[in-house]
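Let's take a walk through this model, mostly along one of its chains. Have the viewer open and follow along.

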Amino acid sequence: MGGLTLNYIIRRVVIFLLTVWVSITIIFLVARLAPGDPISAMVAQASASMGVVENQDAIIEGWKEYFGLNDPIPVQYVKFLGNLLTFNFGPSLIAFPAQVNELIARALPWSIGLGLVTLPLIFFIGNLFGALLAWRRTPGPLKAFIPMTMIFTSLPSVLAGLVFIFVFAFRMKLFPISGPFGRGMQPSFTIEFISSLIHHGILPVASLVIVSFGFWTLGMRGMMVTTEGEDYMTLADAKGLPPFYVLYRYQVRNAILPQVTALAIALRTLVAGQILVEAIFSYRGIGTLIYTSIRNQDYNTIQGTSFVVILFTAVSVLVIDLIYPLIDPRISLEGN
Amino acid sequence: MAEIPAEQVQRRRRKVLEVRNLRVHYETPTGDVIAVAGIDFDLYDGETLGLVGESGSGKSTAAYGILKLVQPPGRIVEGDVTLDGDELVHMNDSSFRQIRWTKLALIPQGAMNSLNPTMRVHRQITDAIEAHEGKQDKEALRERVLELFRMVGLPQRVYNMFPHELSGGMKQRVCIAMGIALHPTVVIADESTSALDVVVQRVVAQTMLRVKQALGVSMIMIGHDMGLMAQMVDRIAVMYAGKLVEVAPVETIFDEPMHPYSQVLIESIPSLKERKPLKITEGITHDPRNPPPGCIFQLRCPHVMERCRSEAPPLRELLMRHEVACHLYNDDGSLIEGAKLEAAS
């Protein structure tokens with residue numbers, strides 16, 4: 001019975017916790033290995049904007065005490081661990097006194113929303129095209145058409161975004177140039193707002209989809225060709241099953257398994273993969289936040305967003321690991 | 001020659017499958033590989049025909065040609081296959097799909113991955129049933145599958161299992177159950193027992209024979225295990241390089257093989273009492289893309305004559321139910337003048 005055993009679940013959760021712990025440690029070490037320190041950077045920024053700052057040393061010392069930077073490294077490490085696990089990333093340096101977790105909480109829904117629309121679209125279109133490209137019974141014209149749609153695959157998504165903005169927003173004025181929704185609107189559940197949201201979302205989604213689905217198409221096509229040669233495909237034909245049933249229940253069903261694994265890895269793009277596209281469309285997601293925090297050396301925000309991205313990746317991998325045995329019954333038995 | 005008993009003649013029953021001049025080629029950049037070079041044979045009602053030959057002789061390709069399952073770059077070049085009065089080779093796909101499994105079934109090498117790893121065992125049997133008989137009551141289908149399991153000796157618990165949870169022998173039984181699910185007229189068993197160890201092989205082979213007799217189906221068994229063939233089949237067809245060289249009842253071919261290839265093949269069967277050299281390695285094989293004119297076996301034949309180099313011997317019925325393709329014999333089955341078939345040892 002599609003084996004999701006307790007043993008398997010425990011193993012996966014332990015691996016998940018280990019991954020998160022190791023990455024927190026790396027974030028901690030990298031921050032401490034980097035030259036300079038955030039307090040000096042913050043004070044330097046303040047002095048740059050306000051002219052002279054009095055009692056600089058006292059301020060720095062005060063903040064160091066406040067952030068616990070005078071504690072021994074192991075103590076700092078334990079505090080850091082606790083803070084990250086409770087999503088306490090400290091104040092943002094550029095949006096001071098706003099807390100980093102508030103910024104992330106505000107940005108995350110936009111990124112996830114964008115990703116939740118984009119990724120299923122990419123996965124669906126990519127695999128559908130890949131399956132049709134490899135299927136023996138696909139009509140010839142369709143087989144000739146599909147490769148032509150894949151010429152954008154080698155483009156960076158930013159470039160596709162810029163081209164789309166130029167052609168569809170700037171020249172043809174079909175879509176707005178930037179922003180997640182119309183200027184001056186307040187987020188609400190009205191038809192007006194939602195249609196504006198969709199209208200603004202089409203170009204970012206399209207530029208992400210068009211550069212990515214070709215990867216899935218090629219992967220799926222390769223797997224379909226491999227599956228085609230399997231003995232069970234021959235037997236399915238010999239049984240006189242309807243061709244379309246053989247396609248989806250025998251060929252696609254088996255060919256898609258590695259694609260689902262790849263989807264787990266691709267899930268992290270829900271948060272991190274659209275940084276530049278978000279930036280050029282001025283979308284309010286985590287990508288834009290990472291982009292601005294790196295540009296402004298906002299250490300706390302960089303740490304916070306890195307942690308969120310890593311956590312997101314680890315959670316997506318865990319979820320896929322738990323779903324996978326239901327799709328491929330052979331998985332959970334390995335390593336028991 | 002001894003008189004053929006009348007009862008033996010009566011055993012020739014209705015032909016269920018007639019194969020005429022079947023040719024299957026595989027396309028390669030340097031020319032077509034002629035895998036099956038025009039073969040003719042009949043399968044009689046209730047009979048088991050063994051198709052034997054070494055690897056690459058085209059026996060599996062011939063079977064897949066009959067089933068129209070030859071995958072590109074292979075293709076059926078010409079030939080006619082008639083099953084119960086229906087011509088199969090030129091039949092369109094959707095009509096042939098109706099024939100598949102209801103009249104012409106395949107028992108593959110089930111120990112390999114002939115079963116879909118993502119489907120439960122019962123579903124892989126019921127999808128064939130439902131494809132040909134339409135949607136059915138779940139409980140009735142379940143009863144039917146369990147009855148098939150009983151016939152092939154599978155326990156009920158297999159019903160809900162996945163293929164990877166079964167042993168090789170069990171998978172093979174599932175394939176047999178699947179093959180007979182719709183009571184086909186002809187079953188083709190393609191090396192069905194090759195990947196199993198000898199004990200399981202014997203049990204599975206007996207199961208296959210028992211089921212075949214219970215249902216009265218005709219069967220073509222493909223294999224290279226002459227010992228197993230001797231116990232299982234009524235007639236043997238020996239294939240060499242895409243051609244049938246000898247077709248005869250199983251006792252006859254073991255006692256008095258007539259074609260030089262069959263002779264070395266049977267002489268090479270090892271026994272416990274004595275070691276025997278493998279005769280068949282002598283001589284070289286030809287390029288399958290470009291067979292020499294004349295007899296297909298001329299390069300390896302110990303009795304090759306001038307005539308063999310230019311003229312291909314047709315498959316002739318020399319004795320009752322004993323067909324041979326060789327120039328060494330006259331039409332009445334006697335050796336031609338001057339030929340000596342000294343014991344080749």
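Strand 1 (residues 15–26) of chain B and strand 2 (residues 33–44) of chain B run antiparallel, joined by nine bridges. A word on terms: strands (E, at least two residues) and helices (H or I, at least four) are DSSP runs numbered from the N terminus, and two strands count as paired if DSSP finds at least two bridges between them. This is a predicted model, so local features need pLDDT of at least 70 and side-chain atom pairs count only at pLDDT 80 or more, while totals for chains, interfaces and linings use all residues. Residues are numbered from 1 along each chain as its sequence is written, and chains are lettered from A and ligands numbered from 1 in the order in which they are written.

Back to the strands. E18(B) sits opposite D42(B) of strand 2 of chain B. Strands 1 and 2 of chain B make a hairpin with six residues between them, and G31(B) in that turn has a positive phi of about 120°. Strand 1 of chain B is also joined to strand 4 (residues 74–83) of chain B, antiparallel, by eight bridges; there V19(B) has V81(B) as its bridge partner. Strand 4 of chain B then pairs with strand 5 of chain B, antiparallel, over two bridges, where L83(B) partners D86(B).

Put together, these four strands of chain B form an open antiparallel sheet in the order 2-1-4-5. Strand 2 and strand 5 (86–87) of chain B are the edges, each pairing on one side only.

Now for another set of strands, around strand 9 (residues 235–240) of chain B. Six of its six residues are buried, so strand 9 of chain B is largely enclosed by the rest of the structure. Here, buried means that 20 or more other C-beta atoms lie within 10 Å of the residue's own, exposed means 12 or fewer, and partly exposed is in between, with C-beta atoms placed from the backbone. Both faces of strand 9 of chain B are covered: R235(B), A237(B) and M239(B) are buried on one side, I236(B), V238(B) and Y240(B) on the other. In the hairpin of strands 9 and 10 of chain B, two residues lie between the strands, and A241(B) takes a positive phi near 50°.

Here are the pairings of strand 9 of chain B side by side:

| Partner strand (chain B) | Sense | Bridges | Example pair |
|---|---|---|---|
| Strand 3 (residues 48–52) | parallel | four bridges | L51(B) and A237(B) |
| Strand 10 (residues 243–249) | antiparallel | six bridges | R235(B) and P249(B) |

On to a helix. Helix 5 (residues 138–152) of chain B has 15 residues and reaches 21 Å from first to last C-alpha, close to the 21 Å expected at 1.5 Å a residue (the expected span is 1.5 Å times one less than the number of residues). Its buried residues are V145(B), L148(B), F149(B) and V152(B). These cover an arc of only 105° around the axis, which puts them on the same side of helix 5 of chain B; the arc is that of the directions from the helix axis to the C-beta atoms. The face turned away from that buried side carries the exposed residues E139(B), A140(B), E143(B), E147(B) and R150(B).

What covers the buried residues of helix 5 of chain B? The cover includes helix 4, helix 6 (168–179) and helix 7 (198–215) of chain B. Right after helix 5 of chain B comes G153(B), with a positive phi near 75°.

A177(B) is in contact (C-beta atoms, placed from the backbone, within 7 Å) with several residues beyond four places in sequence, among them L148(B), F149(B) and V152(B). A177(B), L51(B), V238(B) and L244(B) touch the most other members of the largest nonpolar core, which has 152 residues. Such a core is a set of buried Ala, Val, Leu, Ile, Met, Phe, Trp, Tyr and Cys residues joined through C-beta atoms within 7 Å. Its largest share, 13 residues, comes from helix 5 (residues 100–134) of chain A.

Finally, the two chains meet: 21 residues of chain B are in contact with 17 residues of chain A. On the chain B side, helix 3 (93–99) and helix 4 (121–133) each supply at least two residues, and helix 4 of chain B gives the most, with four.
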